[in-house]
Amino acid sequence: MISFSQVAKFQGKKFLFKGSSFQINPGDRVGLVGPNGAGKTTIFRMINREEKADEGTVVIPEKFVIGYYSQDMAELGDMSVLDAAMRGCTRVLELGRDVERLGEALSDPALTDDSMNTLLEELGAAQEEFEARGGYDLDQRAKEILSGLGYREVDFERDVKEFSGGWRMRIELAKVLLTKPDALVLDEPTNHLDLESIVWLEDFLKRFEGVIFLTSHDRDFMNRLVNRIISIEFGTINSYSGNFDYFVRESEQRLINLEASAKRQDDKLAREQVFIDRFKASASHASAVQSRMKMVAKVERIEVPQETRGVSLRWPECPRSGDVVVNVADAGKTFGDNVVLEGAEFLVRRGDRIALLGINGAGKSTLLKMIAQQLSPDTGKVDQGSNVHAGYFAQHQTDVLDKNMSVFEAIAEVIPMAPRGAVQSICGSLLFNSDDMEKKVGVLSGGEKTRVVLARIIANPVNLLLLDEPTNHLDMRTREIVLEALKRYEGTLIFVSHDRHFLRELATKVIVLDRGSSTEYLGGLSYFLEKNDNKFPGSEHTLRVG
């Protein structure tokens with residue numbers, strides 16, 4: 001059992017939360033939610049015994065093993081992917097060496113009977129613990145987990161340094177999953193995964209028998225895995241019995257009730273103030289006035305948190321394009337010996353909302369780049385139609401932002417003739433307040449940089465939006481704002497996303513890239529799944545979205 005009792009944690013002179021209590025019992029599957037900077041990672045680090053509470057107590061059984069996945073990447077050095085994945089199982093590897101050493105020691109012909117009996121006892125104990133910790137099938141389990149997270153068999157012996165940071169983070173996740181802990185504590189485990197790997201991870205966690213405590217910006221992932229929510233809200237921690245959707249409904253109702261209570265209190269205090277102002281100069285009412293003034297002074301005011309539920313993205317009016325927005329005809333693309341696309345063919349018509357699906361490496365990003373005219377096909381053609389004005393969000397577009405510009409300057413750069421108020425309005429629609437606008441791009445988080453890029457795209461009228469994983473690094477609230485904005489967008493949309501909530505809510509047509517070619521489904525995600533037994537073509541994993 002993990003128990004927090006009257007816990008407080010301070011950050012400088014301010015507190016993240018205080019007077020907070022909750023407990024997590026065996027078998028619990030709990031989601032942790034809260035705005036960025038609220039203290040979610042701090043709670044995880046306290047459970048992992050990396051930080052201590054400033055007030056109160058955190059109790060974790062001494063032999064309770066925590067498997068903690070964070071967003072910090074360990075230094076893996078020169079080793080293979082497989083060795084790096086198994087590196088987290090230090091006790092199992094140590095036991096394996098003990099079993100080997102003791103087995104060799106038993107072959108010594110000079111052993112006495114007493115020494116042999118002692119060695120046999122030590123070997124038996126080591127073998128028993130080695131088996132209990134999954135030592136005999138460690139190599140096989142590591143390969144299965146790495147495969148589930150997107151690695152191919154040929155990758156297992158490749159050096160870790162050959163892979164990007166996102167792929168190395170998958171190794172960090174594999175290390176944690178392989179340890180067979182009592183509790184998995186997972187900080188944004190889906191951040192660096194594609195859709196197929198997310199579905200695999202979901203299935204893995206459903207089979208896990210211990211405690212799960214996680215946070216994720218993936219709404220569907222949370223809904224499918226947790227049956228309880230712990231929420232950091234306005235400096236305290238509240239617990240909700242139910243999944244994330246239940247939490248949203250309950251927290252909204254709690255806010256409505258709080259607003260109503262605050263209004264009743266304000267009305268009552270206003271009436272008291274009217275009495276005080278009316279009779280404060282009257283000697284006959286002096287005692288009553290003093291009594292009411294003391295009462296007003298003692299009242300603990302109900303504070304309603306500043307909400308930004310009304311914040312929304314506002315699209316500039318976009319020009320009308322021709323009926324055919326994009327024509328992909330027998331398009332192919334090869335990089336060296338790797339055939340990424342071959343014979344891709346489809347039409348995009350005005351108003352389409354197309355989701356590009358396919359396993360990792362199927363060519364989704366490559367196709368988007370060709371549609372954006374940033375890459376040319378080797379065979380066939382990829383043409384934009386008449387009067388098309390495209391806005392393109394690439395996965396790594398945040399890397400090309402000028403780090404020395406302020407947020408305001410980065411957005412004003414793409415609309416140099418716009419008045420200051422218009423730029424400020426765009427900043428505000430993507431949750432940048434007046435102080436945030438002056439921040440340098442170089443100090444922003446990944447999610448904040450993503451918002452800057454989105455702001456630069458919507459600053460100018462576009463009638464074709466090309467979005468490659470637009471929700472990466474965005475918190476849940478910002479994702480919902482972007483989603484609602486895209487629902488109102490009047491142009492044509494082609495997007496890649498591993499967020500099933502996004503896919504389900506936005507797509508009216510699905511194009512699947514598989515083994516280089518494309519297959520078109522003239523319906524949303526549900527229609528696509530119905531036609532494919534809830535699976536990707538070429539995949540053994542079931543894709544659940546409903």
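This is a short talk about two buried residues and one sheet in the structure above.

Hi everyone, and thanks for coming. Please keep in mind that we are looking at a predicted model.

Let me begin with the sheet. Three strands make up this open sheet, in the order 11-10-13, and their pairing is antiparallel. Which strands stand at the edges? Those are strand 11, residues 338–349, and strand 13, residues 379–384. Each of them has a single partner strand, so one side of each has no neighbour in the sheet. From one strand to the next, the twist averages 20°.

Now, how do strands of a sheet pair in general? They do so through backbone hydrogen bonds, and the pairing can be parallel or antiparallel. Here, strand 10 and strand 13 run antiparallel and are joined by 5 bridges. If you would like a residue pair to look for, try V326, whose bridge partner in strand 13 is Q384.

Next, S321. You can find S321 in the loop that runs between helix 10 (286–298) and strand 10 (324–335). Is S321 buried or exposed? Its relative accessibility is 6%, so S321 counts as buried, the cut-off being under 20%. Leaving aside residues up to four places away in sequence, S321 touches R350, S386, N387, V388 and N463. There is also G491, which is 170 residues from S321 along the chain, yet their C-alpha atoms are separated by 8.4 Å.

Last stop: D220, in helix 8, residues 219–225. D220 is buried too, with a relative accessible area of 4%. What does its side chain make a polar contact with? The partner is the side chain of R504, at 2.8 Å.

That's my tour, thank you!

Definitions and conventions
Residues are numbered from 1 along each chain as its sequence is written. This is a predicted model: local features need pLDDT of at least 70, side-chain atom pairs count only at pLDDT 80 or more; totals for chains, interfaces and linings use all residues. Side-chain values use heavy atoms; hydrogens and water are left out. Helices (H or I, at least four residues) and strands (E, at least two) are DSSP runs, numbered from the N terminus. Buried means under 20% relative accessible area, exposed over 50%, partly exposed in between (1.4 Å probe, protein chains only). Contact means heavy atoms within 4.5 Å. A polar contact is a pair of N or O atoms within 3.5 Å; within protein, one must be able to donate a hydrogen and the other to accept it, and residues adjacent in sequence count only if both atoms are side-chain atoms. Two strands pair if DSSP finds at least two bridges between them. Axes are lines fitted to C-alpha atoms, for helices over the stretch in contact, and angles run from 0 to 180 degrees between N-to-C directions.
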